[in-house]
Amino acid sequence: MSDDFDLLETNDASKQESEKVDVNWGKAVDTMKSKLAQEDDPEMRQKILNATLDDVVGMAEKDRTSLLDAIKDLTDYQDEVGIIFEKFSTLNANEQKVIDDAQKGLERAKIELEDAENVKDNWWNNLWGRKAKIQKKVEELAAKQKIRDGADMKAKQMFQERIESADIQTLLNELSYKSQAAVTRLKDREVEIKEVEDKLQVAIVEASKNHNKALEKKKETEDKLEEQYALLKQARQALEEVADKQSTDYSEAISKVTIIEQKVEELEGLKNAYTTLAASKDSFVHKHNLTIKVLTSLRSNLQTHRAKLKSDTDERLKYYDGYVVALKARTDQEFAAILEHLGVKTDEHIGQTLASMHTASAKARQEMMDNIPVHEKVMQGVYSSYAESLQEIREKDANIQKDFANRYGIDMKEIFEEYYASDGDAPSGDDGEPTPEKKDDAGDDDLLG
């Protein structure tokens, strides 16, 4: 099993140089808690019971909006508590390039200034503008520093603009990244607290030693004071026993009393100093001990939060993956439903068209059958008219033949029969005169020829 399983491990050796920031809590925490508290929805159960695929679209968009607001709040919160922006946000290539280019420009400007300052300071180099070049590089460095100072803000603006239209997967990734970055930050803070605890433990030991030393010195001073008190008592008694107040013995006795009183005064001052020092060291022993208890409690709480956050973040990544896949599946399901709906409608339309074709065909067949008697009736009339007309023609032909026979004594029946039988297309004569006997030289006069 991997050694990384211990979620509460705090390894000093793995600690990187952490940023020391001045924390300004402000109202960031209260603001975020207030917004989170507003998410409580008493109608949640009813929404779940009555949910449709269309409802899920609105719910997913609300999730995206809530995530977007949370990411914005977290980003602003980072500024309030002094957390460096780029270490707590997933920057894309363009956003990271803004920071990297600014940093590279700053480092290059520092090197160029250092090179200019390393040019030997002599009259020749100064003649060729050494000092002017140094001044120019100083100004360039200041300009690059200004660009670097604004790079974080520019990258942050680009980041904020990007996530405004980001999909929910991007926002979930950003939240996960911030959680992972927070785990690292919490671990660094634990290491920092542990270092302070160790220093305080050393301080307690030193304070205890100094406390004991102060007490020892106080005891030594008190012993010396006892001696001096005894000597002072003797000196004052000796002073009182001098009868001649104007003698040298009296002066020497006074001088001796004064000297002993000075020593007593000094020793009493030392006694007070050692007493105060001992009390102070004893006080700091208790203060350091209390501070260690508080820091140990805070470090323990940080370990708990870090362990849970690290573990939950690992699980949450899988949870988020499931959520994103579910959203995609919902979209695919909706797409399939649309296709199914279109397919059904298309089937209906095609079925309607085919049914219409069959109905129209059947009706056309019926109309055709219905029109046959009508057609036959029409044709019967045509044939009747034709027969009637033909009968009239034949009767007229018979009358014409009869007239010809009566008037000219010529039986025209054979002529007409031959005409109808063989040469009905021959042109008729213009004057209707009978044909005379055929002569060899009368070719143009043969009207029926």
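Which residues are linked with Lys-137 in a network of salt bridges? In this predicted model, the network joins Lys-137 to Glu-112 and Glu-140. That little cluster is a handy way into the structure, but the overall layout comes first.

The protein is built from helices: there are 9 of them, and 0 strands. Read from the N terminus on, the elements simply go α-α-α-α-α-α-α-α-α. The chain has 449 residues, and 21% of them count as buried. The accessible surface adds up to about 32800 Å², with 54% of that belonging to carbon and sulfur atoms. As for how the chain meets itself, take the contacts between residues at least 6 apart in sequence: 82% of these join residues at least 24 apart.

One example of two residues well separated in sequence is the pair Thr-296 and Lys-194, which sit 102 residues apart along the chain, yet have C-alpha atoms separated by 7.8 Å. Thr-296 belongs to helix H8, which covers residues 248-408. With a relative accessible area of 31%, Thr-296 is partly exposed, since that value falls between the 20% limit for buried and the 50% limit for exposed.

Back to the charged residues. The structure holds 16 salt bridges, and three of them make a good tour. Within the network already mentioned, the side chains of Lys-137 and Glu-140 meet at 3.4 Å, N to O. Both residues lie in helix H6, 3 residues apart, or about one turn of the helix. How accessible are these two partners? Lys-137 comes in at 21% relative accessibility and so counts as partly exposed; Glu-140, at 27%, is partly exposed too.

Another bridge within a helix turns up in H7, a helix that spans residues 168-241. Here Lys-219 pairs with Asp-223, and the closest N and O atoms are 3.0 Å apart. Why are the two about one helical turn from each other? They are separated by about one turn because they are 4 residues apart in helix H7. Lys-219 has 45% relative accessibility, which means that this residue counts as partly exposed. Asp-223, with a relative accessible area of 37%, is partly exposed as well.

The third bridge goes between helices. Glu-261 and Arg-236 bring their side chains together at 2.8 Å, N to O. This pair links distant parts of the chain, with Glu-261 in helix H8, Arg-236 in helix H7, and their positions 25 residues apart in the sequence. On the accessibility side, Glu-261 is partly exposed with a relative accessible area of 32%, and Arg-236 counts as partly exposed at 40%.

The surface also has a nonpolar side to it. Trp-123, Trp-124, Leu-127 and Trp-128 form a nonpolar patch there, and together these four residues have about 590 Å² of accessible area. Where does Trp-128 sit relative to helices H5 and H6? Trp-128 is in the loop between helix H5 (123-127) and helix H6 (130-164). With a relative accessible area of 58%, Trp-128 is exposed, because the value is over the 50% mark. Helix H6, on the far side of that loop, is also the helix that carries Lys-137 and Glu-140, two of the residues in the salt-bridge network that opened this section.

How values were computed: Residues are numbered from 1 along each chain as its sequence is written. This is a predicted model: local features need pLDDT of at least 70, side-chain atom pairs count only at pLDDT 80 or more; totals for chains, interfaces and linings use all residues. Side-chain values use heavy atoms; hydrogens and water are left out. Buried means under 20% relative accessible area, exposed over 50%, partly exposed in between (1.4 Å probe, protein chains only). Contact means heavy atoms within 4.5 Å. Accessible areas come from the Shrake-Rupley method with a 1.4 Å probe; for residues, only the protein chains shown count as cover. Patches are made of residues with over 30% relative accessible area and no salt bridge: like charges are joined within 9 Å, nonpolar side chains (Val, Leu, Ile, Met, Phe, Trp, Tyr) within 5 Å.
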